[in-house]
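Me: I would like to go through the labels attached to this model and ask, for each of them, what justifies the word.

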Amino acid sequence: MDAPSEENNGLSYSVLQAKKQVESSLLEQARARDLAKVLSQETVMMEGAIARQDRLLLSIHSLPYLRAAEEKMTVAFVPYSNATRAKVGTAIYGCSLGIVWCRHTGQVAEVLDGEVVDKHPFFSKEVRGFLVRIALDDPKWDQNQVLFLQQAPVLF
């Protein structure tokens, strides 16, 4: 018996090659579609992650301590127990010896947004509160550990 010829099968070698190339192209097209779909999903996930990072950076940038450092402002910690006294324009008093020999040293210039935690100057326990920007008459008072709002603790 003779080997089947191209004419017996009805398909020539060039037609088989073309058919193989078409099937290969269709397979590559399907792979490309799948890859595009995966990349699209990853892009959406990355955009969400980038948006979260942007929000995080924005919240970090608005932290009171960071703002105070960047803008080189003098700030003071005010515990929530003194929140009603800490308003713009409130007088600030500093004392030379503990809580005696006190005098007017400046005023509250701005109440900053955000909560901070600091140690109480006398009791050394952590206290929640906020920061205020202060305007001092004499810059030496910015080194004092304790300043008083509205009035001095003892008659001066």
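Reply: Lys-72 is a good place to begin, since its relative accessible area of 74% makes it exposed. This is a predicted model, in which local features need pLDDT of at least 70 and side-chain atom pairs count only at pLDDT 80 or more, while totals for chains, interfaces and linings use all residues. Residues are numbered from 1 along each chain as its sequence is written, and side-chain values use heavy atoms, with hydrogens and water left out.

Me: Why is Lys-72 called exposed?

Reply: Exposed means over 50% relative accessible area, buried means under 20%, and partly exposed lies in between (1.4 Å probe, protein chains only). Lys-72 has 74%, so the residue counts as exposed.

Me: What makes the phi of Lys-72 worth a remark?

Reply: Phi of Lys-72 is near 50 degrees, a positive value in a residue other than glycine. Most residues other than glycine have a negative phi.

Me: How do you know whether Thr-90 is buried or exposed?

Reply: Its relative accessibility is 11%, and therefore Thr-90 counts as buried. The backbone oxygen of Arg-85 lies 2.9 Å from a polar atom of the Thr-90 side chain.

Me: Why are Glu-28 and Arg-31 said to meet in a salt bridge?

Reply: A salt bridge requires a side-chain nitrogen of Lys or Arg within 4 Å of a carboxyl oxygen of Asp or Glu. For Glu-28 and Arg-31 the N to O value is 2.8 Å, so the pair meets the rule. Both residues belong to helix 2 (residues 13–61), where being three residues apart separates them by about one helical turn; helices are DSSP runs of H or I with at least four residues, and strands are runs of E with at least two, numbered from the N terminus.

Me: What makes the pair of Arg-133 and Glu-110 a link between distant parts of the chain?

Reply: Arg-133 and Glu-110 form a salt bridge, with their closest N and O atoms 3.1 Å apart. Arg-133 is in strand 5 and Glu-110 in strand 3, 23 residues apart. Arg-133, at 28% relative accessibility, counts as partly exposed, and Glu-110, at 22%, is also partly exposed.

Me: Which residues make up the largest nonpolar core?

Reply: A nonpolar core is a set of buried Ala, Val, Leu, Ile, Met, Phe, Trp, Tyr and Cys residues joined through side-chain atoms within 4.5 Å. The largest one has eight residues: Val-78, Ala-86, Ile-92, Val-108, Phe-130, Val-132, Ile-134 and Leu-149. Strand 5 (residues 126–136) supplies the largest share of this core, three residues.

Conventions: Polar contact = N/O pair within 3.5 Å; in protein donor to acceptor, adjacent residues only side chain to side chain.
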